[in-house]
Structure formats: C-alpha cells, structure tokens
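I opened this entry to look up how the helices and strands are arranged. The notes follow the order in which I checked things.

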Amino acid sequence: MKPFHTIPAIPKALIDTLKQQGFTLMTPIQERAIPAVLAHQDILAQSKTGSGKTLAFGLPLVMNTDTSLQTPQHLVITPTRELAQQIAEVLRQLAAYKANLKVVTLYGGVPLRQQADSLAKGAHILIGTPGRLMDHLGKGTLHLDGIKTLVLDEADRMLDMGFYDDILKITKTLPLKRQTLLFSATFAEKIETLAATLLHSPVTIKVDTEQTQTKIEEHVYISPRKKETLRTLIQNERPDSLLVFCNTKADVIEIASMLEKLGHDVIALHGDLDQPKRDEAVILFSNGSKRIMVATDVASRGLDISGIDMVINYDLPFDEEVYTHRIGRTGRADATGTAISLYTPGSRKTDYILERAAEKKLEKQEGKPYLMRSPFKTIGINGGKRTKLRKGDILGTLCKEIGIDNAQIGKIDITERQSYVALHRDITDKVLKALKRVKIKKKKYVAWRVS
C-alpha cells in the first residue's frame, strides 16, 4: 500500500491532518479512486464495507470545496441515518485543515425546520438520505443547482430499500455538468442500469469484493431451540464483543431482555427507536459499555464499529446478500472474525447457509457462567459541538480537576448537542458527583448515567 503523500495533488496540510487521524497508507480503493476523482472522472466502484471508501471520495470532496462560496457544492446520498452521520464525522475530521468548511446532514428523526435553518446559514457538503432530501426539495428549503459532485454511497442498499425513483428525481434537480461517483458492494442489474443513466464514461474500480474465508469463519448450527443454542454459544465461544441479528423488532427486544436477565451487558437497536436512542445505542456498543448488541438489519449496513469479533445470526435473512452484509460487520480492515448462524430445519429460503458455512455440532461446556460484563459505564454531558466542547476539554477536567487516572477513562464521543464518556464503573459515581460542582471550560454542565 502506498502512502497518501505519493499523490502530489494532496496538500501538505491535509497530509498532516491525515496523520493526526492515524491515516498514513492508502487502502486499495483509496489508491485507485482518489487520483481518478481528483481528475474529475466519473467512478463506478465496487468494494465491500470497511474498505475505506468514505475517505476515497471524502478526501477529494474536501479538497475541491471552495469555502468562499456559501452554496452546496457536493452531495452525498446514503441509505441510512447512521451512515450519513459516520460520513459527516470523517469529512469534518478531514476539514480540520480548511477553515470554515461546513458539512450538513439531512436525514429523518430530526425536525425539518432545524435542518432548513442550517441550510439557510450556508453549507458546502451535504450528506443525506433520499427520503429527507425529497422532503426538503418539496418544501423548497434545498437548492442543488450549484452541486459539482454527486456521490451515491452503498447504492445497492438504497435500491434494495426502494429508493431508485427518488434518486432519479433528486438527480434531475442537479446540474447536467457534474461529476458522479457511485459506490456499491455489489453490481446487480439495477446498479448497472442506474450507472448507465447517471454516469458518463466512468472509471470502473473493483476491489475487496469478496469476503475471504481466511478473514471470516462461517459456521452454522442446526437448531430448533435457538434461545438455548444462543446461550450455549456465548458460554462456549466467549467473545469479547458480539453482534446478534434478528429479523424483527419484537425478537430484538425479547432476545436483548433475555440476555440482560442472564447478566450480560446488552443493548438493543432497531428502526423504531428515535434518533437520539439509536445514536446512544451505537455509542454504548462502540465504547465497550455494552458488549452485546442485538439488532435488526438497521445495523447490517452503515454501522462502522471496529473490533466486533463475532456476529451471530439468531434469525437468518431470506436474502443471501443481506447475510453477506451482516457478517461484514466483523473481520473489518485487517482483523479476523467469526460469523455463526442458527438454522431452523424446513426453511427453504435460508438453505443457502448450508452451502456457505461449515456445519458444527453444539457441545455444551460446563463451568462457571461466562458473563459479557463491561468494566465501563457511560455518562452523558449536556454539551457538544454546538457549545464548542472538545474531547480535550473533558479529558482535562476529569484528570486535572477531578483527579481521575487517564487509564480509567475510555472512549469519548462528541455529538452536536451531547457528549458521552466511558468511565471505569468504579469511578462513575465519583465523577457524576464531582461534575455537580466542577466546571468544564468555565461552564457548568449537567451529567447523568446513560443506561
């Protein structure tokens, strides 16, 4: 892999920003896509989740933004709110080298008026889901006549969700002369049709298109009693972090409740949660406060959490492509992972698993119960990016003002309005009590325990 500085067009200030974020070497998709995007070519790219595609298109977008203008210049369309948030976070980190670059997200679960106000104040890069983009276009609060670059991220997922017509309607409001970048994990027939409609003489890039057996071990257990099998698998396999997929919200709630009653630290994620609760669920799982997440397919795409060493399909999806995306949550980047599926005999729509995965027999192991408990708990603070609160501000207050050892502080996440801090469970009460009197950046904030 080549370092970023081998691309002459990337300015030194951006190279330094990349290094600060831990990026020195390009992934294959970045190595091939970045020069093509900077050369203003259209791109049709196939790469699996976790290949680094966000940086592949995000870096050129930031470079090609003229901050002297206050109109949107680049539009990224994504299938989910979670993915939109993650892309925005990456782009904002890159934009640290370029003053006054504004990234605005447009997705459901947030009041339309609040987003319209942000647009009215000026924006350079827009990241949105098709439905909410259509809402703004319909209300006249979004104008896309200045868009230079259109990015369709995880296009196959958007088409699976029925957004084909919405995407075409949105693109009709864009200038005809523009650059279009289409990223997809698969090249299904509809993707080929969409590409032929929107792209002009594209560069085709295919990298990391298959899950390799060496990275993700796939196993299947034939089980008519899945709850008992799930409990036994956790005891036998003893994973550090576990993502369990169910097909329905009701099953997610039931399985999460069962595991919690057994003593595991578990969180549920499904589409009926409002946006703040969905954000919190992802944060608690990613910072290690919850070691098990039970989720519907809302977590199968766009959930960028490193270090998930096991995925269990409690329910198998009827679509094998969805299965592939589910197990792609583990074995990301250079890591390895294990994917386990519970198969109920007689379900022909899920027979594909018998050909893909190695069948194993369940052997119950005796011994002390293995509980997936976390040494960390998370506290929330009612301040975030909007109040210009930074990780360093919180860390400094905890260490210098309250006297907490840095080793007892875990991941710190800053959102627009709130901050979340993972703390060793033994010091959580001490910190909450101290924050009632101690100020952060000369300001008093309210803190609470996030359950």
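For contacts I count heavy atoms within 4.5 Å of each other. The model is a predicted one.

**Entry: Gln115**

I began with a single side chain. Gln115 sits in helix α5, residues 112-120. Is Gln115 buried or exposed? I take it as buried, because its relative accessibility is 4% and the cut-off for buried is under 20%. Leaving out residues up to four places away in sequence, I find Gln115 touching Thr105, Leu106, Tyr107, Val110, Arg132 and His136.

**Entry: the sheet that holds β3**

One of those contacts, Leu106, led me to strand β3, which spans 103-106. I looked up the sheet and noted seven strands in an open arrangement, ordered β3-β4-β2-β5-β6-β1-β7 and paired in parallel. Which strands are at the edges? They are β3 and β7 (203-206), and each pairs on one side only. Between neighbouring strands of this sheet I noted an average turn of 15°, with direction ignored.

I then checked the pairing at the β3 edge. β3 runs parallel to strand β4 (residues 125-128), and four bridges join them. Leu106 has Gly128 of β4 opposite it.

**Entry: helix pair α6 and α8**

Arg132 and His136, also touched by Gln115, turned my attention to helix α6, residues 130-139. α6 packs with α8 at about 45°, the axes being 10 Å apart. The two helices are therefore oblique to each other. Their crossing is left-handed. From α6 I listed Pro130, Leu133, Met134 and Leu137 in the contact, and from α8 Asp166, Lys169 and Ile170. By class this contact has five nonpolar and two charged residues, and no polar ones.

**Entry: helix pair α8 and α9**

I stayed with α8 (residues 164-171) and looked up its packing with helix α9 (residues 189-198). At what angle do these axes cross? I noted roughly 10°, with the axes coming within 12 Å. α8 and α9 are therefore roughly parallel to each other. On the α8 side the contact uses Tyr164, Ile167, Leu168 and Thr171; on the α9 side it uses Lys190, Thr193, Leu194, Thr197 and Leu198. I sorted the residues of this contact into five nonpolar, three polar and one charged.

**Entry: helix pair α2 and α3**

I next took helix α2 (residues 28-38) with helix α3 (residues 53-63). The angle is about 25° and the axes lie 8 Å apart. α2 and α3 are therefore roughly parallel, and their crossing is right-handed. In α2, Ile29, Gln30, Ala33, Ile34, Val37 and Leu38 make the contact; their partners in α3 are Lys53, Leu55, Ala56, Leu59, Pro60 and Met63. The class count for this contact is 10 nonpolar, one polar and one charged.

**Entry: the sheet that holds β8**

I found another open sheet of seven strands, in the order β10-β11-β9-β12-β13-β8-β14, with parallel pairing. Its edge strands are β10 (266-269) and β14, each pairing on one side only. At the β10 edge I counted four bridges to strand β11 (residues 292-295), in the parallel sense. Ala268 has Val294 of β11 opposite it.

Helix α13 (residues 320-327) packs on this sheet and touches β8, β9, β12 and β13; I noted about 150° between its direction and that of β12. Helix α10 (residues 226-237) lies across β8, β9 (242-245), β11, β12 (310-313) and β13, and runs at about 160° to β13.

**Entry: strand β8**

I closed with β8, residues 216-222. How many of its seven residues are buried? Five are, and I recorded the strand as mostly covered. With strand β13 (residues 337-343), β8 pairs in the parallel sense over seven bridges, and Glu217 stands opposite Thr338 there. With strand β14 (residues 358-359), β8 also runs parallel, joined by two bridges. On that side I noted Val220 opposite Glu359.

Methods:
Residues are numbered from 1 along each chain as its sequence is written. This is a predicted model: local features need pLDDT of at least 70, side-chain atom pairs count only at pLDDT 80 or more; totals for chains, interfaces and linings use all residues. Side-chain values use heavy atoms; hydrogens and water are left out. Axes are lines fitted to C-alpha atoms, for helices over the stretch in contact, and angles run from 0 to 180 degrees between N-to-C directions. Angles under 35 degrees count as roughly parallel, over 145 as roughly antiparallel, 65 to 115 as roughly perpendicular and the rest as oblique. A crossing is left-handed if the near helix is turned anticlockwise from the far one by less than a right angle, and right-handed if clockwise. Ala, Val, Leu, Ile, Met, Phe, Trp, Tyr, Cys and Pro count as nonpolar, Asp, Glu, Lys and Arg as charged, and the others, Gly among them, as polar. Buried means under 20% relative accessible area, exposed over 50%, partly exposed in between (1.4 Å probe, protein chains only). Two strands pair if DSSP finds at least two bridges between them.
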